[in-house]
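I went through this structure with two topics in mind: the strands and the salt bridges. My entries follow.

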Amino acid sequence: MAHKEYVDPLVNEITYAVQVLVTVVAYILNLLLLYIIFKSTRRDIGTYRILLTYFAVSDLYYNTLHFSVYPIPEMHGNAFMMRGHGIYPELLGVGLYLGAYGHAFPILIFHFLYRLVAIKYPHWLKHFPVFFGALILSTVACNLLMFSIFYWFFHPDEQSLRILGPIFNGTIPQDVVHTPDTAAEHAQALYWSGKTFEGPRWRNLIGVGLMASTMTATYAFIVCCSLLINKYLKKQMKSALSMRLHKQLFRSLIYQAFVPLFTAYYPAGTSVMLPIFGITIPYISIIVPPARAFFRLTGLSRLAQSIIADAKSKTITIFYHILS
(Lines give C-alpha, C1' and ligand atoms only; values in the text may rest on other atoms or scores of the structure.)
Protein backbone atom coordinates (compact mmCIF):
# COMPACT_ATOMS: atom_id res chain seq x y z
CA MET A 1 0.00 0.00 0.00
CA ALA A 2 1.36 3.41 -0.97
CA HIS A 3 1.58 6.19 1.60
CA LYS A 4 2.30 9.80 0.79
CA GLU A 5 2.97 11.50 4.11
CA TYR A 6 6.67 11.94 3.34
CA VAL A 7 8.52 12.79 0.16
CA ASP A 8 10.80 9.77 0.56
CA PRO A 9 8.83 6.57 -0.31
CA LEU A 10 11.02 4.42 1.96
CA VAL A 11 10.34 6.69 4.95
CA ASN A 12 6.62 6.41 4.19
CA GLU A 13 6.66 2.62 4.37
CA ILE A 14 8.87 2.42 7.47
CA THR A 15 6.93 5.01 9.49
CA TYR A 16 3.57 3.50 8.53
CA ALA A 17 4.77 0.03 9.55
CA VAL A 18 5.92 1.44 12.91
CA GLN A 19 2.58 3.21 13.32
CA VAL A 20 0.58 0.01 12.76
CA LEU A 21 2.92 -2.08 14.96
CA VAL A 22 2.78 0.38 17.85
CA THR A 23 -1.01 0.68 17.61
CA VAL A 24 -1.53 -3.08 17.74
CA VAL A 25 0.98 -3.62 20.57
CA ALA A 26 -0.45 -0.69 22.57
CA TYR A 27 -3.96 -2.17 22.32
CA ILE A 28 -2.67 -5.59 23.40
CA LEU A 29 -0.72 -4.19 26.36
CA ASN A 30 -3.59 -2.00 27.56
CA LEU A 31 -6.08 -4.86 27.34
CA LEU A 32 -3.56 -7.06 29.14
CA LEU A 33 -3.26 -4.42 31.87
CA LEU A 34 -7.02 -4.32 32.29
CA TYR A 35 -7.15 -8.12 32.42
CA ILE A 36 -4.44 -8.24 35.11
CA ILE A 37 -6.12 -5.48 37.11
CA PHE A 38 -9.57 -7.05 37.15
CA LYS A 39 -8.39 -10.65 37.35
CA SER A 40 -6.16 -10.09 40.37
CA THR A 41 -7.83 -11.25 43.58
CA ARG A 42 -5.37 -9.52 45.88
CA ARG A 43 -6.65 -6.62 47.92
CA ASP A 44 -3.20 -5.11 48.34
CA ILE A 45 -3.56 -3.00 45.23
CA GLY A 46 -6.71 -1.47 46.71
CA THR A 47 -7.73 1.88 45.28
CA TYR A 48 -4.58 1.86 43.16
CA ARG A 49 -6.54 -0.54 40.91
CA ILE A 50 -8.86 2.32 39.96
CA LEU A 51 -5.95 4.59 39.13
CA LEU A 52 -4.36 1.95 36.90
CA THR A 53 -7.69 1.29 35.14
CA TYR A 54 -8.05 5.01 34.47
CA PHE A 55 -4.58 5.07 32.96
CA ALA A 56 -5.27 2.10 30.68
CA VAL A 57 -8.61 3.45 29.45
CA SER A 58 -7.06 6.88 28.84
CA ASP A 59 -4.25 5.31 26.84
CA LEU A 60 -6.72 3.29 24.75
CA TYR A 61 -8.47 6.57 23.90
CA TYR A 62 -5.14 8.21 23.08
CA ASN A 63 -4.05 5.24 20.98
CA THR A 64 -7.28 5.34 18.96
CA LEU A 65 -6.95 9.06 18.25
CA HIS A 66 -3.26 8.75 17.40
CA PHE A 67 -3.93 6.09 14.78
CA SER A 68 -6.98 7.91 13.38
CA VAL A 69 -5.26 11.30 13.11
CA TYR A 70 -1.55 10.31 12.81
CA PRO A 71 -0.20 13.84 13.43
CA ILE A 72 3.22 14.80 12.08
CA PRO A 73 4.92 17.95 13.48
CA GLU A 74 7.04 20.24 11.33
CA MET A 75 9.16 23.31 11.93
CA HIS A 76 10.61 25.90 9.59
CA GLY A 77 12.13 29.23 10.59
CA ASN A 78 9.76 30.86 13.06
CA ALA A 79 6.89 28.48 12.34
CA PHE A 80 5.58 25.25 13.82
CA MET A 81 3.00 23.21 11.89
CA MET A 82 1.13 19.99 12.50
CA ARG A 83 -1.38 18.16 10.34
CA GLY A 84 -3.08 14.79 10.58
CA HIS A 85 -2.11 12.19 7.98
CA GLY A 86 -4.39 9.36 9.08
CA ILE A 87 -7.99 8.52 8.28
CA TYR A 88 -9.13 11.78 9.92
CA PRO A 89 -6.66 14.50 8.86
CA GLU A 90 -8.82 17.53 9.71
CA LEU A 91 -7.64 20.32 12.00
CA LEU A 92 -10.31 19.30 14.52
CA GLY A 93 -8.64 15.88 14.67
CA VAL A 94 -5.31 17.49 15.55
CA GLY A 95 -7.01 19.37 18.38
CA LEU A 96 -8.69 16.23 19.69
CA TYR A 97 -5.42 14.30 19.52
CA LEU A 98 -3.49 16.96 21.46
CA GLY A 99 -6.28 17.03 24.02
CA ALA A 100 -5.73 13.30 24.58
CA TYR A 101 -1.96 13.88 24.62
CA GLY A 102 -2.53 16.29 27.49
CA HIS A 103 -4.05 13.51 29.63
CA ALA A 104 -0.52 12.35 30.48
CA PHE A 105 0.22 15.43 32.59
CA PRO A 106 -2.51 15.10 35.28
CA ILE A 107 -2.16 11.30 35.24
CA LEU A 108 1.58 11.61 35.95
CA ILE A 109 0.94 14.18 38.69
CA PHE A 110 -1.72 12.12 40.44
CA HIS A 111 0.31 8.93 40.08
CA PHE A 112 3.17 10.52 42.03
CA LEU A 113 0.78 12.18 44.45
CA TYR A 114 -0.85 8.81 45.15
CA ARG A 115 2.54 7.23 45.86
CA LEU A 116 3.38 10.08 48.24
CA VAL A 117 0.06 9.80 50.07
CA ALA A 118 0.19 5.98 50.23
CA ILE A 119 3.65 6.05 51.80
CA LYS A 120 3.55 9.13 54.00
CA TYR A 121 -0.14 9.66 54.75
CA PRO A 122 -1.88 6.28 54.21
CA HIS A 123 -4.86 7.27 56.36
CA TRP A 124 -5.74 9.88 53.70
CA LEU A 125 -6.57 7.10 51.23
CA LYS A 126 -10.03 6.86 52.80
CA HIS A 127 -10.74 10.07 50.86
CA PHE A 128 -9.87 8.41 47.54
CA PRO A 129 -13.21 9.36 45.88
CA VAL A 130 -12.24 13.02 46.31
CA PHE A 131 -8.77 12.27 44.96
CA PHE A 132 -10.19 10.43 41.93
CA GLY A 133 -12.74 13.16 41.27
CA ALA A 134 -9.94 15.74 41.26
CA LEU A 135 -8.03 13.56 38.78
CA ILE A 136 -11.01 13.42 36.41
CA LEU A 137 -11.57 17.18 36.61
CA SER A 138 -7.85 17.84 36.05
CA THR A 139 -7.81 15.51 33.05
CA VAL A 140 -10.80 17.25 31.49
CA ALA A 141 -9.25 20.67 32.14
CA CYS A 142 -5.91 19.65 30.63
CA ASN A 143 -7.69 18.11 27.65
CA LEU A 144 -9.58 21.33 26.99
CA LEU A 145 -6.42 23.40 27.46
CA MET A 146 -4.33 21.40 24.98
CA PHE A 147 -7.24 21.22 22.54
CA SER A 148 -7.68 25.00 22.66
CA ILE A 149 -3.94 25.57 22.13
CA PHE A 150 -3.78 23.57 18.92
CA TYR A 151 -7.27 24.31 17.62
CA TRP A 152 -7.68 27.98 18.55
CA PHE A 153 -4.34 29.52 19.55
CA PHE A 154 -2.62 27.73 16.63
CA HIS A 155 -5.53 28.09 14.22
CA PRO A 156 -4.36 29.19 10.74
CA ASP A 157 -5.18 32.75 9.74
CA GLU A 158 -4.75 34.87 6.63
CA GLN A 159 -1.30 36.11 7.62
CA SER A 160 0.12 32.68 8.53
CA LEU A 161 -1.27 31.12 5.34
CA ARG A 162 0.28 33.90 3.27
CA ILE A 163 3.73 33.79 4.92
CA LEU A 164 3.85 29.98 4.93
CA GLY A 165 2.47 29.76 1.41
CA PRO A 166 5.85 28.85 -0.16
CA ILE A 167 5.95 25.73 2.04
CA PHE A 168 2.48 24.61 1.04
CA ASN A 169 2.97 25.23 -2.69
CA GLY A 170 6.29 23.36 -2.72
CA THR A 171 8.60 26.33 -3.28
CA ILE A 172 10.38 25.54 -0.01
CA PRO A 173 11.06 21.77 0.06
CA GLN A 174 10.16 19.82 3.19
CA ASP A 175 10.34 16.19 4.33
CA VAL A 176 6.53 16.05 4.38
CA VAL A 177 4.39 16.30 1.24
CA HIS A 178 2.40 19.56 1.00
CA THR A 179 -0.30 20.89 -1.31
CA PRO A 180 -2.01 24.31 -1.22
CA ASP A 181 -5.46 22.79 -0.65
CA THR A 182 -4.39 21.20 2.68
CA ALA A 183 -2.79 24.35 4.10
CA ALA A 184 -5.81 25.26 6.26
CA GLU A 185 -5.84 21.76 7.82
CA HIS A 186 -2.57 22.47 9.64
CA ALA A 187 -2.31 23.77 13.18
CA GLN A 188 0.06 26.70 12.62
CA ALA A 189 2.11 28.68 15.11
CA LEU A 190 3.93 31.53 13.35
CA TYR A 191 5.51 33.40 16.23
CA TRP A 192 6.82 36.48 14.40
CA SER A 193 5.38 38.23 11.36
CA GLY A 194 8.83 39.55 10.40
CA LYS A 195 12.29 38.34 11.35
CA THR A 196 12.90 36.58 14.67
CA PHE A 197 11.68 38.78 17.58
CA GLU A 198 10.09 41.24 15.13
CA GLY A 199 6.32 41.58 14.87
CA PRO A 200 5.13 39.25 17.67
CA ARG A 201 1.98 37.25 16.98
CA TRP A 202 0.55 37.15 20.47
CA ARG A 203 -2.09 34.48 20.05
CA ASN A 204 0.55 31.93 19.00
CA LEU A 205 3.01 33.10 21.67
CA ILE A 206 0.39 32.85 24.42
CA GLY A 207 -0.53 29.37 23.21
CA VAL A 208 3.03 28.07 23.36
CA GLY A 209 3.47 29.80 26.73
CA LEU A 210 0.49 27.90 28.14
CA MET A 211 1.89 24.63 26.81
CA ALA A 212 5.36 25.28 28.25
CA SER A 213 3.89 26.31 31.60
CA THR A 214 1.83 23.11 31.80
CA MET A 215 4.84 20.89 31.09
CA THR A 216 7.08 22.82 33.50
CA ALA A 217 4.51 22.78 36.32
CA THR A 218 3.98 19.03 35.83
CA TYR A 219 7.66 18.19 36.20
CA ALA A 220 8.17 20.64 39.05
CA PHE A 221 5.40 18.83 40.94
CA ILE A 222 6.89 15.42 40.09
CA VAL A 223 10.35 16.46 41.30
CA CYS A 224 8.84 17.84 44.50
CA CYS A 225 6.92 14.60 45.18
CA SER A 226 10.00 12.50 44.41
CA LEU A 227 12.14 14.48 46.82
CA LEU A 228 9.52 14.24 49.58
CA ILE A 229 9.19 10.47 49.07
CA ASN A 230 12.95 10.02 49.03
CA LYS A 231 13.44 12.13 52.18
CA TYR A 232 10.68 10.38 54.10
CA LEU A 233 11.78 6.87 53.23
CA LYS A 234 15.40 7.58 54.10
CA LYS A 235 14.32 8.82 57.50
CA GLN A 236 11.89 5.97 58.25
CA MET A 237 13.63 2.92 56.82
CA LYS A 238 16.49 1.32 58.73
CA SER A 239 16.59 -2.34 57.68
CA ALA A 240 18.33 -3.70 54.58
CA LEU A 241 14.98 -4.90 53.20
CA SER A 242 13.34 -1.54 53.61
CA MET A 243 16.26 0.28 52.01
CA ARG A 244 16.24 -2.15 49.07
CA LEU A 245 12.52 -1.58 48.57
CA HIS A 246 13.05 2.15 48.89
CA LYS A 247 15.67 2.18 46.15
CA GLN A 248 13.50 0.00 43.92
CA LEU A 249 10.50 2.30 44.32
CA PHE A 250 12.52 5.46 43.84
CA ARG A 251 14.14 4.11 40.64
CA SER A 252 10.69 3.17 39.38
CA LEU A 253 9.37 6.66 40.08
CA ILE A 254 12.27 8.34 38.30
CA TYR A 255 11.93 5.99 35.32
CA GLN A 256 8.19 6.61 35.00
CA ALA A 257 8.71 10.37 35.04
CA PHE A 258 11.83 11.02 33.02
CA VAL A 259 11.75 8.39 30.26
CA PRO A 260 8.62 10.11 28.82
CA LEU A 261 10.33 13.48 29.26
CA PHE A 262 13.29 12.60 27.04
CA THR A 263 11.61 10.22 24.58
CA ALA A 264 8.29 12.00 23.96
CA TYR A 265 7.83 15.39 25.58
CA TYR A 266 11.28 16.80 24.83
CA PRO A 267 11.30 16.01 21.06
CA ALA A 268 7.68 17.14 20.66
CA GLY A 269 8.21 20.22 22.83
CA THR A 270 11.31 21.34 20.96
CA SER A 271 9.45 21.19 17.64
CA VAL A 272 6.86 23.60 19.07
CA MET A 273 9.13 25.94 21.04
CA LEU A 274 12.42 26.25 19.14
CA PRO A 275 10.84 28.15 16.21
CA ILE A 276 10.33 31.03 18.67
CA PHE A 277 14.11 31.53 18.38
CA GLY A 278 14.24 30.80 14.66
CA ILE A 279 15.83 27.36 15.21
CA THR A 280 14.95 24.49 12.90
CA ILE A 281 15.96 20.89 13.62
CA PRO A 282 16.38 18.86 10.41
CA TYR A 283 14.22 15.75 10.06
CA ILE A 284 12.14 16.60 13.15
CA SER A 285 9.02 15.39 11.32
CA ILE A 286 10.68 11.99 10.91
CA ILE A 287 12.21 11.83 14.41
CA VAL A 288 9.22 12.68 16.60
CA PRO A 289 6.66 9.98 15.56
CA PRO A 290 9.04 7.04 16.35
CA ALA A 291 10.07 8.78 19.59
CA ARG A 292 6.44 8.97 20.67
CA ALA A 293 6.05 5.31 19.73
CA PHE A 294 9.06 4.35 21.85
CA PHE A 295 7.62 6.21 24.84
CA ARG A 296 4.26 4.49 24.56
CA LEU A 297 5.69 0.99 24.28
CA THR A 298 8.33 1.34 27.01
CA GLY A 299 5.91 3.10 29.32
CA LEU A 300 3.19 0.50 28.90
CA SER A 301 5.54 -2.47 29.20
CA ARG A 302 7.12 -0.96 32.32
CA LEU A 303 3.71 -0.38 33.87
CA ALA A 304 2.66 -3.97 33.11
CA GLN A 305 5.81 -5.23 34.86
CA SER A 306 5.09 -2.94 37.82
CA ILE A 307 1.52 -4.20 38.21
CA ILE A 308 2.59 -7.84 38.03
CA ALA A 309 5.36 -7.22 40.57
CA ASP A 310 2.99 -5.40 42.92
CA ALA A 311 0.43 -8.19 42.64
CA LYS A 312 3.02 -10.87 43.42
CA SER A 313 5.10 -9.20 46.10
CA LYS A 314 2.54 -6.98 47.82
CA THR A 315 5.01 -4.10 47.59
CA ILE A 316 2.62 -1.43 48.84
CA THR A 317 1.51 -3.55 51.79
CA ILE A 318 5.13 -4.26 52.73
CA PHE A 319 5.78 -0.52 52.81
CA TYR A 320 2.79 0.01 55.06
CA HIS A 321 4.04 -2.61 57.53
CA ILE A 322 7.58 -1.22 57.51
CA LEU A 323 6.38 2.33 58.16
CA SER A 324 3.73 1.47 60.75
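I started at the hairpin of β1 and β2, in what is a predicted model. Two residues sit between the strands, and Gly-77 there takes a positive phi near 60°.

I then looked up how the two strands pair. Strand β1 covers residues 71-76, and its pairing with β2 is antiparallel over six bridges. For one facing pair I noted Pro-73, which stands opposite Met-82 in β2.

Next I checked what else β2 pairs with. Strand β3, residues 187-190, runs antiparallel to β2 and is joined to it by four bridges. Here I noted Met-81 of β2, with Gln-188 in β3 opposite.

Is β2 covered on one face or on both? I listed the burial of strand β2, residues 79-84, and found six of its six residues buried. In a regular strand, side chains alternate between the two faces of the sheet. I therefore split the residues by side, taking buried as under 20% relative accessible area. Ala-79, Met-81 and Arg-83 are buried on one side, and Phe-80, Met-82 and Gly-84 are buried on the other, so both faces are covered.

Arg-83 is a charged residue to follow up, and I turned to the salt bridges. My search of the whole structure returned three.

Which residue does Arg-83 meet in a salt bridge? The partner is Glu-185, at 2.9 Å from N to O between the side chains. I recorded that this pair links distant parts of the chain: Arg-83 is in strand β2, Glu-185 is in the loop between α7 (165-168) and β3, and they are 102 residues apart. Both Glu-185 and Arg-83 are buried.

I moved on to Asp-157. Its side chain meets that of Arg-201 in a salt bridge of 2.9 Å, N to O. Arg-201 is in the loop between β3 and α8 (202-236), and Asp-157 is in the loop between α5 (128-153) and α6 (158-163), so this pair ties together parts 44 residues apart in sequence. I looked up accessibility for both: Arg-201 is buried at a relative accessible area of 10%, while Asp-157 counts as partly exposed at 23%.

Asp-157 also meets Arg-203 through their side chains, in a salt bridge of 3.5 Å, N to O. Because Arg-203 lies in helix α8 and Asp-157 in the loop between α5 and α6, the pair ties together parts that are 46 residues apart in sequence. Arg-203 is partly exposed, at 27% relative accessible area. I closed the entry with the grouping: Asp-157, Arg-201 and Arg-203 form one network, joined by salt bridges that share partners.

Note on methods: Residues are numbered from 1 along each chain as its sequence is written. This is a predicted model: local features need pLDDT of at least 70, side-chain atom pairs count only at pLDDT 80 or more; totals for chains, interfaces and linings use all residues. Side-chain values use heavy atoms; hydrogens and water are left out. Buried means under 20% relative accessible area, exposed over 50%, partly exposed in between (1.4 Å probe, protein chains only). Two strands pair if DSSP finds at least two bridges between them. A salt bridge is a side-chain nitrogen of Lys or Arg within 4 Å of a carboxyl oxygen of Asp or Glu.
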